[in-house]
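Student: Please take a close look at one part of this predicted model. I would like the charged pairs and their surroundings treated in one connected account.

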Amino acid sequence: MDSFAFVESTHRETLAVIDSATDEEFNASPGAGRWSVAQVLEHIWKTDMSIIPVFRRAAKDRRPYTGTPKGVERAADRSVKLEAPEFIRPSDEPRSRDALRQALEDARRTLIESARALGGPEELARLAAPVPHPVLGELSLREWLEFVGYHERRHVAQAREALEAVRRA
């Protein structure tokens, strides 16, 4: 599957989770120390917002990628627990389901547009990102784009689990 199609397909799954939750379920805690559906989605939104500048900066500083693939698909592996950096952690405040859905759509559209402006998946694979990923290190722009999809896949599963836990409670 094309990198862009993968990211867009995964995002549709996220939107389906939002649409399946009631307003009450959206912000309800699934248990101590676990994020609500709203918090998971706010984290995805904050992550997208933090990645948009990677593509925008790359448009101003096109450099060839000389590294090796880093296996960004590992981002979907939920058996490996990771601590989100402070700047992309969700707040404890309740969120409007509709407002967060719109923010997610807007951020993803901007991210995809910023990436597409640099070329297709093959071109992105040949370009270096201007900044390293905080965990994976130096990535090509294609790897950054695919990371977005794998990261979202990880968290859409988490959001589904949170929603199921709230419904069982």
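Tutor: Lys46 has a relative accessibility of 21% and therefore counts as partly exposed, since buried means under 20%. The side chain of Lys46 meets that of Glu42 in a salt bridge, with 3.5 Å from N to O. Glu42 counts as buried because its relative accessibility is 2%. Both residues belong to helix α3, where they sit 4 residues apart, about one turn of the helix.

Helix α3 takes part in another charged pair, through Asp48. This residue forms a salt bridge with Arg108, and the closest N and O atoms are 2.7 Å apart. The pair connects distant parts of the chain: Asp48 lies in helix α3 and Arg108 in helix α4 (residues 97-116), with their positions 60 residues apart in the numbering. Asp48 is buried, because its relative accessibility is 2%. Arg108, at 4% relative accessibility, also counts as buried.

A further pair is found in helix α6. There the side chains of Arg142 and Glu146 meet in a salt bridge at 3.0 Å, N to O. Arg142 and Glu146 are 4 residues apart in α6, about one turn of the helix. Glu146 has a relative accessible area of 18%, so it is classed as buried, the limit being under 20%. Elsewhere, Asp19, Arg101 and Glu105 are joined into one network by salt bridges that share partners. A search of the whole structure gives 19 salt bridges. In general, side chains of opposite charge can pair when their charged atoms come close.

Helices α3 and α6 also bear on the largest pocket. Helix α3 spans residues 37-60 and α6 spans residues 141-168, and each supplies at least two residues of the pocket lining. The largest share of that lining, 8 residues, comes from α6. In total, 38 residues line the largest pocket, and those nearest its centre are His43, Leu82, Ala84, Arg154 and His155. By type, the lining divides into 21 nonpolar, 8 polar and 9 charged residues. The space in the largest pocket comes to about 970 Å³.

To return to the starting point, the salt bridge of Lys46 with Glu42 and that of Arg142 with Glu146 each lie within one helix, α3 for the former and α6 for the latter. The salt bridge of Asp48 with Arg108 instead links helix α3 to helix α4.

How values were computed:
Residues numbered from 1 in each chain as written. Predicted model: local features only at pLDDT ≥ 70, side-chain atom pairs only at ≥ 80, totals over all residues. Heavy atoms only, no water. 1 Å grid on protein atoms, 1.4 Å probe; cavity = no way out; pocket = protein on both sides within 12 Å on 5 of 7 lines; lining within 4 Å. Points joined across faces, edges and corners; volume = space filled by probe spheres on them. Nonpolar A, V, L, I, M, F, W, Y, C, P; charged D, E, K, R; others polar. Salt bridge = Lys/Arg side-chain N within 4 Å of Asp/Glu carboxyl O. Buried < 20%, exposed > 50% of the residue type's maximum accessible area, 1.4 Å probe, protein only.
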